[in-house]
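The following exercises concern one protein model. Please study the sequence and the structure before reading each solution.

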Amino acid sequence: VHVRDRSSQFDDDRKQDVLRVLKRLEQETGQDLPPMIEAWNKVDLLPDDLQETMKLAAASNSATSTPAVVTSALTGEGIENLLHLIEASVREELEHYAVALRPVDGAARAWLYQNGHVRAEDTDEKGHVSLQVGLSAKHRGRFEATFPDVVLRTVPGPAD
């Protein structure tokens, strides 16, 4: 999340500085950077007509390039929208799995709900549970280490 002070006369210069540093990190590490979200902070300090312009620009920006949301750290405006954008971005990065659990695998089920994103759950008449779950690579490793008898089967994600 790149928090920008949209009330500052130096906002665009600072944005370019951040982008240069990120590009350098990407070149030095050889790894792609994660997706960026911009939090346009301090818009409430601008005149009303400019505030409206910023809100419209953020809404149209989210659909075309780097997602942006107007926020105010002072009032809390936009923070919930920012959290939704972050959550959606994280979910896009998850690998998706099908998991078959026996009735005795309640701890594994609870672990997946706590550490993953469960998209669907079905239970048969014998108490066997089938889950569709999204997990990060880190959490997949932890799950497999903690529950070695439970198999994670890779499946296409929601957009696949």
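**Exercise 1.** Which strands does helix α4 lie across, and at about what angle does the helix run to β6?

Solution. The model examined here is a predicted one. Step one is to locate the helix: α4 comprises residues 106-115. Step two is to list the strands beneath the question: α4 lies across β4, β5 and β6, the last of these being residues 129-135. Step three is the angle, which is about 30 degrees between α4 and β6.

**Exercise 2.** Determine the strand order of the open sheet and identify its edge strands.

Solution. Strands of a sheet pair through backbone hydrogen bonds, in either a parallel or an antiparallel manner. In this model, four strands form an open sheet, and their order is β5-β6-β4-β7. The pairing is antiparallel. The edge strands are β5 (117-123) and β7 (152-154), each of which pairs on one side only. Neighbouring strands of the sheet are turned against each other by 25 degrees on average, with direction ignored. One pair may now be examined in detail: β4, residues 95-101, and β7 are joined in the antiparallel sense over three bridges. Within this pair, Val99 has Leu152 of β7 as its bridge partner.

**Exercise 3.** Describe the largest pocket by its volume and its lining.

Solution. Rolling a probe the size of a water molecule over the atoms shows where empty space is left. The largest pocket holds about 250 Å³ of space. Its lining includes Val1, His2, Leu22, Pro34, Ile86 and Glu93. By class, the lining residues comprise nine nonpolar, two polar and one charged. Helix α3 (residues 79-92) supplies the largest share of the lining, namely three residues.

**Exercise 4.** Is Pro148 buried or exposed, and how far apart in space are Pro148 and Glu80?

Solution. First, place the residue: Pro148 lies in the loop between α5 (137-146) and β7. Next, apply the cut-off: a residue is exposed if its relative accessible area is over 50%. Pro148 has a relative accessibility of 62% and therefore counts as exposed. Finally, compare two separations: Pro148 and Glu80 are 68 residues apart in sequence, and their C-alpha atoms are 37 Å apart in space.

**Exercise 5.** Locate Lys42 and comment on its phi angle.

Solution. Lys42 is found in the loop between β2 (38-41) and α2 (48-64). Most residues other than glycine have a negative phi. The phi of Lys42, however, is positive, near 65 degrees. Its relative accessibility is 36%, so Lys42 counts as partly exposed.

Conventions
Residues are numbered from 1 along each chain as its sequence is written. This is a predicted model: local features need pLDDT of at least 70, side-chain atom pairs count only at pLDDT 80 or more; totals for chains, interfaces and linings use all residues. Side-chain values use heavy atoms; hydrogens and water are left out. Two strands pair if DSSP finds at least two bridges between them. Helices (H or I, at least four residues) and strands (E, at least two) are DSSP runs, numbered from the N terminus. Axes are lines fitted to C-alpha atoms, for helices over the stretch in contact, and angles run from 0 to 180 degrees between N-to-C directions. Contact means heavy atoms within 4.5 Å. On a 1 Å grid over the protein atoms alone, a cavity is a set of points where a 1.4 Å probe fits but cannot get out, and a pocket is an open set with protein on both sides within 12 Å along at least five of seven lines; lining residues have an atom within 4 Å of a point. Grid points are joined across faces, edges and corners, and a volume is the space filled by probe spheres set on the points. Ala, Val, Leu, Ile, Met, Phe, Trp, Tyr, Cys and Pro count as nonpolar, Asp, Glu, Lys and Arg as charged, and the others, Gly among them, as polar. Buried means under 20% relative accessible area, exposed over 50%, partly exposed in between (1.4 Å probe, protein chains only).
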